Amino acid sequence: MPSCSLLNPSFDLSLCRAKLERDGFQIPFTDMEAPLKTALDVPSVRRYVVFNSALFHFIMAPVLYAVLWCAIFSTLHLYIPVSDYWVLCLSVSLVSVLLTAAIIFILHISNKEITMNLDVRLIQVNEKIVKHKLLVAVADWVQNCTGNLELYFVYWDMTRCLRALTETLEERSFDTQNKMKRKMSHLVLVTEVTAVEPADDGTDDEQRPLLRNEGAGCSSSSSQQEDAEVPISYSLIPDASLPAQDKAYQLLMTYSAAYVKLLVSKKLSEPSHYSQRSQRNHCTTAPSCLCQYIKNKILR
């Protein structure tokens, strides 16, 4: 489903439902439209999609080159007298090209395969629609100087991936937790929750904390205290105490949107010949399966 506008990304979810129903999928409103609107219909998320899209980077390259060329030329022209202007222009052009390529390269390698502002927000959506054997992701790329920003629904049966990844976690239980901590340490979700004042437990005034007594005597009302929001950080690394199947399910949901994004944009790297010989892929429609993608990125 293409975006209605590249400058204000939005998707026609009613048309998505019509197409899915035509293919035989009956998905409740609470499992598709509601979580998708919560995840994507946010102004900050729309701004992130625009400024981190492939089309924006494609347009930014010549603009950045022109700005660098003017800045370097004006600086050198003031401090370095040159009789042949074509030599100066050629030198400035060469330096501008190198600086532009370096900046674009740094921006490219800084982009993670999984993004906190988009892919992680779609985890809750995939947790709901995976029951209907679907996965959702937002992918964008530039083709023939045209930007493509689309919402994809991919048919995916998670049963075999869950079983294969569970077996892998059980076989490598001695070192998987350290590998996940090392390679998933940047996946920290920060959210704000409403601070709730603890109830009175009947303790004496002398035994109560002094800070709590001072806070109770402040002029702020109790309603304002209840509405105060406290930031809390959640790590997406599966807890070590969880069973192997629960860890596998959490990993599959965490990387589901990122995997679908790479799959539909044809950026999914194919496994090596050795990996193909050692373990046959149970997915015949993709270069590598979701569970194999997680094994190569996290557990290897």
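These exercises, each with a worked solution, deal with a predicted model.

**Exercise 1. The chain as a whole**

Task: State how many helices and strands the protein chain has, and what share of its residues count as buried.

Solution:
- The protein chain contains 14 helices and 4 strands.
- It has 300 residues, and 36% of them count as buried.
- Turn to the surface: the chain exposes about 18,500 Å², with 57% of it supplied by carbon and sulfur atoms.
- Then take contacts between residues at least 6 apart in sequence: 69% of them join residues at least 24 apart.

**Exercise 2. Two helices against H14**

Task: Decide how H7 is oriented relative to H14, then do the analysis for H8 and H14.

Solution:
- Start with H7 (residues 159-171) and H14 (residues 290-299): their axes are 8 Å apart, at an angle of about 30°.
- Angles under 35 degrees count as roughly parallel, so H7 is roughly parallel to H14.
- On the H7 side, the contact uses Cys161, Ala164, Leu165, Thr168 and Leu169. H14 contributes Leu290, Cys291, Ile294, Lys295 and Leu299.
- Now take H8 (residues 176-183): its axis is 9 Å from that of H14, and the angle is about 80°.
- The range 65 to 115 degrees counts as roughly perpendicular. H8 and H14 are therefore roughly perpendicular to each other.
- From H8, the residues Thr176, Lys179, Met180 and Lys183 meet Lys297, Ile298 and Leu299 of H14.
- Leu299 of H14 thus appears in the contact with H7 and in the contact with H8.

**Exercise 3. A salt bridge within one helix**

Task: Find the salt-bridge partner of Glu21 and place both residues in the fold.

Solution:
- Opposite charges come first: such side chains can pair when their charged atoms come close.
- Glu21 pairs with Arg17, with 3.4 Å between the closest N and O atoms.
- Both residues sit in helix H1 (residues 13-22). They are 4 residues apart, about one turn of the helix.
- Check accessibility. Glu21 is partly exposed at 35%. Arg17, at 18%, is buried, because the cut-off for buried is under 20%.

**Exercise 4. A salt bridge across the chain**

Task: Locate Asp31 and Lys131, and say which is buried and which is exposed.

Solution:
- The closest N and O atoms of Asp31 and Lys131 are 3.9 Å apart, and the two form a salt bridge.
- This pair links distant parts of the chain, 100 residues apart. Asp31 is in the loop between H1 and helix H2 (33-40). Lys131 is in the loop between helix H6 (123-129) and strand E1 (134-143).
- Asp31 has a relative accessible area of 10% and is buried.
- Lys131 reaches 60% and is exposed.

**Exercise 5. Another pair, and a network**

Task: Give the N to O distance for Asp41 and Arg46, then name the residues joined into one network.

Solution:
- The side chains of Asp41 and Arg46 meet in a salt bridge at 2.4 Å, N to O.
- Asp41 is partly exposed at 44%. Arg46 is partly exposed at 22%.
- Arg17, Glu21 and Glu33 belong to one network, joined by salt bridges that share partners.
- The whole structure holds 6 salt bridges.

**Exercise 6. A nonpolar surface patch**

Task: Identify the residues of the nonpolar patch and classify Ile59 by accessibility.

Solution:
- The patch consists of Phe58, Ile59, Val63 and Val67. Together they have about 370 Å² of accessible area.
- Ile59 lies in helix H4 (residues 54-79).
- Its relative accessibility is 46%, so Ile59 counts as partly exposed.

Terms used:
Residues numbered from 1 in each chain as written. Predicted model: local features only at pLDDT ≥ 70, side-chain atom pairs only at ≥ 80, totals over all residues. Heavy atoms only, no water. Patch = residues over 30% accessible without salt bridge, like charges linked within 9 Å, V, L, I, M, F, W, Y side chains within 5 Å. Areas by Shrake-Rupley, 256 points an atom, 1.4 Å probe, with all protein chains shown as cover. Salt bridge = Lys/Arg side-chain N within 4 Å of Asp/Glu carboxyl O. Buried < 20%, exposed > 50% of the residue type's maximum accessible area, 1.4 Å probe, protein only. Axes fitted to C-alpha atoms, helices over the stretch in contact; angles between N-to-C directions. Parallel < 35°, antiparallel > 145°, perpendicular 65-115°, else oblique. Contact = heavy atoms within 4.5 Å.
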